Amino acid sequence: AGATRPPLAAAEDAAPSERRALLEAIAAGADDRAVLATLDALLPLDPAGGRAARSDALGGTWRLLWSYKADKFSPLLGLPRPVRPASLQLLGPAATGTVGEGRVANLLLFPFGV
């Protein structure tokens, strides 16, 4: 009987083309439906099983590249690029010190030291 691979390793092997498709759709300014379709292809590869806030598999600091209706989270994310803040999400242990265990922290980093 062969050894089974951890789900994260299997996801890393399968993800490059799906990940590349998502990043290309975002970079091209594709409409929301097109980006959401590329996200659907990545969902089965989620090593955290939809529980990123409680999983170490995706823990860390992530920079938001695209968000469906981001302006609903913060109208500041609708500002033009030169003045739009960068949006970061802290997941897993990275968020614990900021918002407590099992939660996601959303941070806005303003340009020009504002």
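Arg63 has Leu88, a residue of β2, as its bridge partner. Thr61 is likewise matched with a residue of β2, namely Leu90. Strands here, and helices too, are DSSP runs numbered from the N terminus, with at least two residues (E) for a strand and at least four (H or I) for a helix. This is a predicted model, in which local features need pLDDT of at least 70 and side-chain atom pairs count only at pLDDT 80 or more, while totals for chains, interfaces and linings use all residues. Residues are numbered from 1 along each chain as its sequence is written, and side-chain values use heavy atoms, without hydrogens and water.

β1 and β2 pair in the antiparallel sense over 4 bridges; two strands pair if DSSP finds at least two bridges between them. On to the next pairing: β2 and β3 also run antiparallel and are joined by 5 bridges. Ala86 stands opposite Leu109 of β3. Strands of a sheet pair through backbone hydrogen bonds, either parallel or antiparallel.

The result is an open sheet of 3 strands in the order β1-β2-β3, with antiparallel pairing. β1 (60-63) and β3 (105-109) are at the edges; each has a single partner strand, so one side of each lacks a neighbour in the sheet. On average, neighbouring strands of this sheet are turned by 25 degrees against each other, direction ignored. The axes behind this angle are lines fitted to C-alpha atoms, for helices over the stretch in contact, and angles run from 0 to 180 degrees between N-to-C directions.

The structure also holds 1 aromatic pair. The ring centres of Trp66 and Tyr68 are 6.5 Å apart and the planes stand at 35 degrees, so the pair is tilted. Rings of Phe, Tyr and Trp (its six-membered ring) pair if their centres lie within 6.5 Å; planes under 30 degrees apart count as stacked, over 60 as edge-to-face and the rest as tilted. Trp66 is partly exposed, at 21% relative accessible area, and Tyr68 is partly exposed at 43%. Buried means under 20% relative accessible area, exposed over 50%, and partly exposed in between (1.4 Å probe, protein chains only).

Val83 lies in the loop between α3 (70-73) and β2 (86-91). Its relative accessibility is 40%, so Val83 counts as partly exposed.
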